[in-house]
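Dear colleague,

Please find below the structure that I am handing over to you, with its sequence. My findings follow after it.

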Amino acid sequence: MPRGGIARFLHASGSLAACGAAPSPNRPAMRKTVKPDPQQAPGRIPVLPIRSTIVFPMGATALQIGFEPNVGALNAHPERDLVVATVASTEDELPLDPHTLEKVGVAVRVLDRLNLPGGTIQATLQGLRRIRLTQVRLEEAGHYTAVACEVEEAYPPQPEADELVERILTLLGGVAAKVERIPDEVPRVLRMNLADPGRFADLAASLCNLTLPDRDAVLQALDVGERLRVVHRALEETWRRVREIEDDGEAAAAAGDRARDDPSARDRPADIRRRIQALQAALGEADPLEREANDMLRRIERAGLPSRIAVAARREAERLRAPQTTSSEAVEVRAYIEALIALPWTRGSGGPGIDLDAVRRAIDDEHLGLLEAKNRLLEVVAVAELRGDLRGPIPCIVGPSGVGKRTLAMAIAKGLGRPFVRLELGGRSEGQLVGTRRTRGGALMGKIAQSIRDTGVKDPVFLLEELDEVGLGNVDGDPVEALEEALEPENREQFTDRWLDVALDLSDVFFIGSASDFYRIPRDLRDLFIEIRIAGYTPEEKIAIAREWLLPRIVAEHGLQADAVEVSDETLLFLTRGYARDAGVGNLRRSLASVMRYLARQKAEGEAERWTLTPALLEEVLGYPRYSVTPAEVAPEVGVVTGLAWTASGGELMFIEALKMPGTGRLIITGLLGDVMRESVSAAFSYVRSRAAELGIATEAFNDYDIHVHFPVGATPKDGPSAGAAVTLAIASSLADRPVRHDVSLTGEVTLRGKILEIGGVKEKVLAAYRSGLRTVILPAPNRRDLRDVPEDVRSGMSFHFVDRMDQVFELALVERPEARPRELHAEEPGRPPSERDRQAASEGGGGHPPE
């Protein structure tokens, strides 16, 4: 017969389909794939009739083969990994009747073949799967061959199969306690294979030393339910024989009982447990603890956990059957096993992988503007796509609230086709992040592992919010170090939650961070991130966002028709400047929602169906504008300077007031300032005093007047050196009685020699000035390069002056001393814009020249 393998018989649909039906949909997936062999002649497979044992699928047996046809078959096919068919035979005389071999057999792989003296062969046979043998014949070479057909196994309903398995295990416990030829570890081995009832039946038939006819009956049963019943009947027969032997030897049994009652004869607790098992087997009832433990083991096997996780889960499940396990411990064990089963150890999102174009489209669909932040994020995604992993630095989106940090991360998740999960880190202790040991009372799994479990996949997009608030407040442990352990690229594969106490692979998780202030993140943790800053939105960008994104969604959320609400760009500009001057769009969203609720009520009451939003309607709903025009924006004033400040919520205007009054030359500073800012005020006063002649300040003014420098909004802490230039200008204006231009804002640190030093946060400060309507900004000369971060439409609409010394600031911002003339004052309502008459009076009194 030509040499070859079995692949054509087990995989070629042509030969197998002719012999059997399609596989059952309830059938578990095959665990082993047979390796094809192109040299095998189509339609035939070598057959080894075996009279001493049966090789079951997924099992392995070492045999000494001396039966002449079998030796001939192996000698005719000396190739490695030979696949043959084994079948049980009860005939003793040669030649065998081929028709007796036409039944269900097992396709096996021949391993570790060794020729022994006397013409026998020692080999290991590895069972692959059941097959049906047809057209068996004796070849001229003296061995048997057959046509192998695929068989279909029918699986019973799951509850019925589980009940049969429980009955077998209960009966086996009693039999193993009485029959020495069944080792005590057999029930334990069977409990580790509860997921597949068909495999359980095969394993039970193999390990419980059933007779050869019983084992062959198990092999022939293609109905798994019938297969389990065959095993159960065989064990019942064994139990019946054991009971008969005990009844016949009653006196010996009584003597044995007396020996067992003697504690010195054997371990009394173990003997009692064996007797309980025997009684349960006689009654056919399973111990509730045993049933629960078996149910957990069955779930563990069906979950398909990695081997190291399955070992830990089985170890815990075995504790459920221990008599010393208390009810509270059993609850903890069940919770632990449930968590191990629920975690997605190997289950991914099934997305298309890292696709840069898909991420770009998703980000563009969700966000307007933010070109720089988008480009930086796409760079990170591009590196991950090229590398094929996520081991690089983690992007950290930095900016004030409401600028879209979370929605950017959600857009990335959408583009990658992965679930999105977020975790707020502020106020979290170490135990909350990475869990606590189960030996401690009230122990819980950490939030990181919980979030992975809740998403159901091992590769979500994970947003770590409030990174700059990690470890702040009264928290237990060291959450910073715990986060470092989780996020270190080298450690992600071995991240271990304290409660789980097994490694959870985080290498496929796409981490993204977010913070308000990147440099408030602890230094060691900050090294793991790259900063991607979002400074905020201009009024024009807010108008576009409101019209194209916010307004349609908010209108729909409030049950209104999309075409029922009309609004002009002028009204949206009034809304952004009067009610939503923050860096983000949070206030804008809330203001629009308030207006839509007002309109929804009108529609519900039948008052109107269509509306056009106007400033008057906004004031009626929202009240007077929250951000009103300040005096510094109306006319030049002495001692009032518009400075620029950086905060965690974006850039802000900071008005600095200086006032001279009769006194003794004291310098008074108020406004809840930090040490650095107080030192800046002192340095500014000293510099102005040194430049008194150039500024036209009389020398005696420093002895006859006190100077009071105040920073409004006194309840807000302020610190930093970047207000030095503005403070110096305010003091000089007050002492020289020269107004400061109201249309100019500035920032910069000043030395005692009057040099202007570089500062940070230029983009945020420029955007704050732009949002407030100021179009002239004075910046330190070294900060010229930072203008590239400012959006082009903002740069083109503003005038920038770059200075090296304070003398240049004085020339740009101070106007000539005005002549004293009376001004007619008018009381203004809160929030009311100044009238034209007020503007004219202020212009005449201020004497300011037009902006440069």
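Two strands count as paired if DSSP finds at least two bridges between them. The model is predicted, and the findings below should be read with that in mind.

In this model, strand 17 (residues 640–647) and strand 18 (residues 650–662) run antiparallel and are joined by eight bridges. One pairing to look up is that of Thr642, whose bridge partner in strand 18 is Phe655.

Both strands belong to an open sheet of seven strands, in the order 19-20-18-17-22-25-26, with mixed pairing. Strand 19 (667–670) and strand 26 (799–803) are at the edges and have a single partner strand each, so one side of each lacks a neighbour in the sheet. On average, neighbouring strands of this sheet are turned by 25 degrees against each other, direction ignored.

Two helices should be viewed together with the sheet. Helix 28 (residues 724–736) lies across strand 17, strand 18, strand 20 (705–710) and strand 22 (744–746), and runs at about 30 degrees to strand 18. Helix 31 (residues 806–813) also packs on the sheet, where it touches strand 22, strand 25 (776–780) and strand 26. The direction of helix 31 makes about 150 degrees with that of strand 26.

A further finding concerns a pair of helices. The axes of helix 21 (residues 539–557) and helix 22 (residues 569–579) cross at roughly 115 degrees and come within 9 Å. The crossing is right-handed. Helix 21 contributes Pro539, Lys542, Ile543, Ala546 and Arg547 to the contact, and helix 22 contributes Asp569, Leu572, Leu573 and Thr576. Of these residues, five are nonpolar, one is polar and three are charged.

Yours sincerely

Key: Residues are numbered from 1 along each chain as its sequence is written. This is a predicted model: local features need pLDDT of at least 70, side-chain atom pairs count only at pLDDT 80 or more; totals for chains, interfaces and linings use all residues. Side-chain values use heavy atoms; hydrogens and water are left out. Helices (H or I, at least four residues) and strands (E, at least two) are DSSP runs, numbered from the N terminus. Axes are lines fitted to C-alpha atoms, for helices over the stretch in contact, and angles run from 0 to 180 degrees between N-to-C directions. Contact means heavy atoms within 4.5 Å. A crossing is left-handed if the near helix is turned anticlockwise from the far one by less than a right angle, and right-handed if clockwise. Ala, Val, Leu, Ile, Met, Phe, Trp, Tyr, Cys and Pro count as nonpolar, Asp, Glu, Lys and Arg as charged, and the others, Gly among them, as polar.
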